[in-house]
Number of protein chains: 2
Amino acid sequence: MSKPEIIITPDKMCLLASSWRSDRLKIALVPTMGFLHEGHLSLIKKARETANRIIVSIFVNPLQFGPNEDFDSYPRNIERDIFQLSKYGVDAAFIPTIQNFYSPNFSTSVDVNDLTQGLCGTDRPGHFKGVTTVVTKLFNTCSPHVAVFGQKDFQQAMVIKRMTRDLNWNIDIKIAPTVREHDGLAMSSRNANLTTLERSNAPKLYKGLCKGQTEITNGVRSAKKIQQIIYCFIKENLTEQIEYVEVIDKETLERIDTISRPIVIAAAVRLSKTRLIDNIILSPSNLSTS
Amino acid sequence: MSKPEIIITPDKMCLLASSWRSDRLKIALVPTMGFLHEGHLSLIKKARETANRIIVSIFVNPLQFGPNEDFDSYPRNIERDIFQLSKYGVDAAFIPTIQNFYSPNFSTSVDVNDLTQGLCGTDRPGHFKGVTTVVTKLFNTCSPHVAVFGQKDFQQAMVIKRMTRDLNWNIDIKIAPTVREHDGLAMSSRNANLTTLERSNAPKLYKGLCKGQTEITNGVRSAKKIQQIIYCFIKENLTEQIEYVEVIDKETLERIDTISRPIVIAAAVRLSKTRLIDNIILSPSNLSTS
C-alpha cells in the first residue's frame, strides 16, 4: 500500500506523464469527480489490466454543470479519496484546482454534435460540451494510452469514444461494467445525497430496467412497448419525475422501433434534488427478430 | 537532398511520430494547405532551429471554407510541393485525404470563442472553428513539440496559441515573420489566383499598412486616424472591396483608441475573386504616449 503521488498543477502532471512516456511505460487515465466508490475502483482495476502507470484525476468540473444543477452540493471528500487510491496502487492522483485548470480568459470548447442531443443531453444542455472539453484537457495533460469510463454513464462514454476517434487521439477508450449495490442500485457518488427513504426506493430504477429486459428475453420486440412497461413501473413504484426512458441503438444512440440489434435501455429520474441514471446493454445473440 | 517520407493515413503518421517520440527526438509540425512558397519554407527553417524531425502537413481543409468561398479554386500542386520539401530536409509530408481525415459521421468541433469574432471572423463565420478543429487533429496525429505558423495569418496564430493553452497541449507555438515578394506583397498561395493587373496592384495593400506605420512613427496616436489613413489609401489606390482595416491590441485583438502598447495594424481586401490579408506588428519601444 503506497500513497499515490499527489499532483495539483497541470504542468507537473504533464511533466510526469512525459517522463513515463520516455521510459516507455503504458499510462492509463481514470477520470473521476472524486467521492470514490467501488464503481471507480473497478475502473482502476480495469486500467491495471493493460497499463504500467495509473493516473486517477479528481476534479469536479464546473463546466459540465448547468446553472441550476448540483455543482455546489456534489459530494466531495479528497482525504478519503486519496486513502482509497493508495489501497489500489494508483501511481498519481491528479487534482487540479478550478483556478489552475481554467485560466480567467479561458475560451475554448470541444463539442460533439452527434450522440449528445437526446437522453441526458435533453435535460442537461451544455453538459456534454463541458465533459468533452475537460476530458480533452485531461487527455493532453496526462497523455494516456488508455482511458477508462464507466458504463453507468453510457452516453458519456460513447460521446468520448466519438470525440477520441474524430480528433485522432491515439487513446484506447475502455468502458467498464456498472458496479451495483447489493440491492441493484448503480453505484454513484450522487447516491450520498439521497435521503434514507429515497435510498431504499432507488433500486426500483434498475428493477424497472430489468423488467424491460425480461420482456425482451420473453420475446417482445416493440421498443415502444418495452419503454411503456418500464415507464409505468418507475412511475408507479419510484417517482413521477422521469426525465426519460429510452430503448436505443447501442452505437448511434438513436431510438428504434423494433428490437433486432444491440440496444441499450436507459433511464433517468429525479428523486427530489438528486438525479439518478442507469442503463442495461442487451447484446445481439438472442435478439434475432422472429 | 532527400525526399520526405510521404504519409497519407493518420494511423501511419501517428505511428511514425510515436516512434520518433520513443527515440526522444524533438518533432516540429508545419501545417500548410500546400502550394508551397517561400513563406512556408521560412516556417520550415524556423522549425529546423529547434527540432530534429520536421513534419509538413499538406491538407486543404474543407471545414475552414465557407459555402461561397474558394475551396475548389484554392491552388494545388502536390508534386511540386513534395519536390520543394525534399530541398529543405523535411522528414515527413503528411498528406491526408478528406475521406481518411473526416469519417462520414465526423461530428466533433473545437472552438475558441474569444479572439475569433472580429477581423477575419466577421466575414468568414465558422472559418476559425474549421481551423482549430483541423489543427487539433494535426496535433494529435503528429504529436509535435513545436508547431510553426505564419504571421501573415496573425489572428489564426493567436487563436491557435489560445487553444493550445486552454486545452493544455504541451506544444510550443511559434509565429514566423511574414515573407514578402520584392514589391512588398505578402506571400500567399492565393496570390496565384490574381490576374496580372491585380497582381501588379496588390502590393498597395502592404503599402497602405506601411503608410499607417509611418504616421505612427511620426507621432500619431489616434487609432481611428491611422485606420482612416490606411482605409482611404487602399480605397483610392487598390480596391473599394475592403473587408476591414483595424488597429488592434496585439494580445487581445481588440480595437483600441490610443496607440500606447504593442499593436497590430491589419487589413483584408478582395480583388475580384481573391481575398488578400496582411498585417504589421508594431512593438512598444517607441510607442510611449506623449
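Let's start with the interface: 27 residues of chain A are in contact with 27 residues of chain B. Contact means that C-beta atoms, placed from the backbone, lie within 7 Å. This is a predicted model: local features need pLDDT of at least 70, side-chain atom pairs need pLDDT 80 or more, and totals for chains, interfaces and linings use all residues. Residues are numbered from 1 along each chain as its sequence is written, with chains lettered from A and ligands numbered from 1 in the order written.

Which elements give two or more residues to chain A's side? They are α1 (10-22), β5 (108-112), α6 and α7 of chain A. Helices are DSSP runs of H or I, at least four residues; strands are runs of E, at least two; both are numbered from the N terminus. By class, that side has eight nonpolar, twelve polar and seven charged residues. Ala, Val, Leu, Ile, Met, Phe, Trp, Tyr, Cys and Pro count as nonpolar, Asp, Glu, Lys and Arg as charged, the others, Gly among them, as polar.

Now the strands. β5(A) pairs with β5(B), antiparallel, over five bridges. Pairing takes at least two DSSP bridges. A:Thr108 has B:Val112 as its bridge partner.

Next, symmetry. A rotation of 180° with 0.0 Å of shift along its axis superposes chain A on chain B, RMSD 0.0 Å. The fit is least squares on C-alpha atoms of residues with pLDDT of at least 70 in both copies. The two copies are thus related as by a two-fold rotation axis. Of chain A's residues, A:Val110 comes closest to that axis, at 2.3 Å (C-alpha). Both copies use the same surface: 100% of chain A's contact residues recur in chain B.

Technical notes: Contact = placed C-beta atoms within 7 Å.
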